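Grab a coffee and try these short exercises on charged side chains. Each one comes with a worked solution.

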Amino acid sequence: MDVPPPACLKSPPNIPHKLLLGPGPSNAAEDVLQAMTSPLLGHLHPEFLKIMDEVKEGIQYVFQTKNKLTFAISGTGHAGMECALVNLLEPGDRLLVVDIGFWANRATDMAERCGATVQRVVESPGKAVDAATLEKAIESYRPHVVFVVQGESSTGVCQPLEKFGAICHKHGALLVVDTVASLGGAEFYADRLEVDCVYSATQKCLNAPPSLAPISFSERALEKIKKRTKKVQSYYLDAELLGNYWGCFDEPRRYHHTGMISSVYALRAALARLAAEGLDEAVQKHKRNVQLLYIGLDDIGVSPFVQDETLRLPCLTTVAVPEGIDAKQVCDTLMSQGIEVAGGLGPTAGKLWRIGTFGMNSNEANIKRVVAAMKAALADQKHHI
Ligand SMILES: Cc1ncc(COP(=O)(O)O)c(C=O)c1O
């Protein structure tokens, strides 16, 4: 052998239990992890195709859509974002990005790789874009597609989406919505909001491991895909080929890639949990419990970063770092106690902490634990100052 067997693989890995209260992944539910230990099936075996069909129905439920082109991509949230953009944009198309934080840059980068031109309608971190501002931007730029993030995880803002779909359609544009950090933790109704493409990920409010990106395209979006003059540049993310494999069309299913068998089991278990809890109750639970977090933060003398309470994401809270406090040191102290809380991202780096209370992590015990740990970490730093 030119390369010997690595000595490090002779001992088991170190995987401690941590309370994952950062922006994701969240802790996975026990029955979801258990589902992954079920025997493998082939990716075209009838039993597996039936599980895929059930997962599709579960995704239609969480997105609140009847779209037939609904499935899960083998990949994380980024794969969902890329799938939305590579299918809906052709070279020369115009994309309008609603920029309220970090994820606008990612969407812009991906769209430019598709040969699209991009303009942004921008709000400062902690704020959201309103419908009238969006309409003005659409009137002047005349985009083919509008991209917006519902749960902007870099700032903790939940972008209101009322009227966005209708405005886009009035001006002949399609609406793409990222719900990676919000699905199951904030109200979302794809059909009611006239959303043309929505995607998410499994590792936040669904409490499943990262690996799949649920996605759904409206009839309008499918029509645009069918009328493309050029093939979608990515074979792997071609929505029509994936839709065939997921049985979205009335035609025999063909091999596209080897499906993520165990991850699909996990997603089914996660969707079954959410269906049993009820989507509405899940959202209400996040809203109730985040109030306890606000009270706890107030008690220890820190404040939410998003000032307008109606714009706060119920499953991911951002907290302004007080003057003179080393944000990273607080995160390190918490991590040494097995609790993950994150700092800012992109424009908010160093300015805030991000506390995720996704899905089953949204409960009183976790909130008390993280607030007590932050109180001690802050007191310790103030003492040293
Ligand atoms: C709003 C948003 N969009 C997209 C992503 C990318 O998801 P992933 O890291 O699963 O690729 C994230 C990740 O945190 C996110 O918060």
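Is Lys 226 buried or exposed?
Keep in mind that this is a predicted model. Start with the relative accessibility of Lys 226, which is 54%. The cut-off for exposed is over 50%, so Lys 226 counts as exposed.

**Exercise 2. Find the salt-bridge partner of Lys 226 and place both residues in the chain.**
Step one: the side chain of Lys 226 meets that of Glu 240 in a salt bridge, at 3.0 Å from N to O. Step two: Lys 226 sits in helix H7 (residues 219-226) and Glu 240 in helix H8 (residues 239-245), so the pair, 14 residues apart, links distant parts of the chain. Step three: Glu 240 has 27% relative accessibility, so it counts as partly exposed.

**Exercise 3. Work out how the salt bridge between Lys 368 and Glu 364 fits into its helix.**
First, the N to O distance for this pair is 3.2 Å. Next, both residues belong to helix H12 (residues 364-384), and they are 4 residues apart, about one turn of the helix. Finally, check accessibility: Lys 368 is exposed at 55%, while Glu 364 is partly exposed at 44%.

**Exercise 4. Classify the two ends of the salt bridge between Arg 312 and Glu 309.**
These side chains meet at 4.0 Å, N to O. Arg 312 has 15% relative accessibility. Buried means under 20%, so Arg 312 counts as buried. Glu 309, with 42%, is partly exposed.

**Exercise 5. How many salt bridges does a search of the whole structure find?**
The search turns up 18.

How values were computed:
Residues are numbered from 1 along each chain as its sequence is written. This is a predicted model: local features need pLDDT of at least 70, side-chain atom pairs count only at pLDDT 80 or more; totals for chains, interfaces and linings use all residues. Side-chain values use heavy atoms; hydrogens and water are left out. Helices (H or I, at least four residues) and strands (E, at least two) are DSSP runs, numbered from the N terminus. Buried means under 20% relative accessible area, exposed over 50%, partly exposed in between (1.4 Å probe, protein chains only).
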